[in-house]
Amino acid sequence: MKFSDFFWPDSSLEQIRICYDAAELIIWNCNTNCKVIVQCKGFIGMTDLCIWDDQIILQAECRNMPWSDVIRSQDTFLQSLCKAYPYSSQWDERRLEDGVVVLSVLLTNHIRFRLYCQRIDVATCGEHANSN
């Protein structure tokens, strides 16, 4: 399954679960009539998210950023990350030299949030997760 296969417009964000080293988005995909679980492994962080009533996905993008792009990025979260770890791009088992995956989601109420992690896996309706 490709990333573009499950982030169709009008898919609904049903749930976000965050643990220390992982985050999950549970999405209802109207086109496939199926739940999709997006797992963000090696979770680094997330931007602010204000959800009140509108949880319909308008657009989503996933991009891999090499460490060289991370340290030059204008993204406020990534700038804070670089300030917090100025002498090392590694902590615990996470190696930022391997890059950062940024999942950016725009809802129909124009709220945008981003998740930052090391890898994204996707599973649908009982399927095992596939890496993207």
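**Exercise 1. Count the salt bridges in this predicted model, then place the one made by Glu14.**

Solution.
- Step 1. Apply the cut-off: a Lys or Arg side-chain nitrogen within 4 Å of an Asp or Glu carboxyl oxygen. The count comes to 5 salt bridges.
- Step 2. Find the partner of Glu14. Glu14 bridges to Lys35, with the closest N and O atoms 3.4 Å apart.
- Step 3. Locate both ends. Glu14 sits in strand β1 (residues 12–18) and Lys35 in strand β3, so the pair ties together parts 21 residues apart in sequence.
- Step 4. Check exposure. Glu14 is partly exposed, at 41% relative accessible area. Lys35 is partly exposed too, at 41%.

**Exercise 2. Is Asp121 buried or exposed, and which residues share its salt-bridge network?**

Solution.
- Step 1. Take the Arg119 pair. Arg119 and Asp121 form a salt bridge, their closest N and O atoms 2.7 Å apart.
- Step 2. Compare with the cut-off: buried means under 20% relative accessible area. Asp121, at 4%, counts as buried. Arg119, at 38%, counts as partly exposed.
- Step 3. Extend the links. Lys41, Arg119 and Asp121 form a network of salt bridges.

**Exercise 3. Work out the strand order of the open sheet and find its edges.**

Solution.
- Step 1. Read the order. The 4 strands run β4-β9-β8-β5, with antiparallel pairing.
- Step 2. Find the edges. β4 (45–46) and β5 each have a single partner strand, so one side of each lacks a neighbour in the sheet.
- Step 3. Inspect one pair. β8 and β9 pair antiparallel over 6 bridges. Val105 stands opposite Phe113 in β9.

**Exercise 4. Which strand gives the most to the largest nonpolar core?**

Solution.
- Step 1. Start with the members. The largest nonpolar core has 20 residues; Leu25, Leu103, Phe113, Leu115 and Ile120 touch the most other members.
- Step 2. Pick the top contributor. β8 gives the most, with 4 residues.

Methods. Residues numbered from 1 in each chain as written. Predicted model: local features only at pLDDT ≥ 70, side-chain atom pairs only at ≥ 80, totals over all residues. Heavy atoms only, no water. Core = buried A, V, L, I, M, F, W, Y, C linked by side-chain atoms within 4.5 Å. Buried < 20%, exposed > 50% of the residue type's maximum accessible area, 1.4 Å probe, protein only. Helix = DSSP H or I, 4+ residues; strand = E, 2+ residues; numbered from the N terminus. Pairing = 2+ DSSP bridges.
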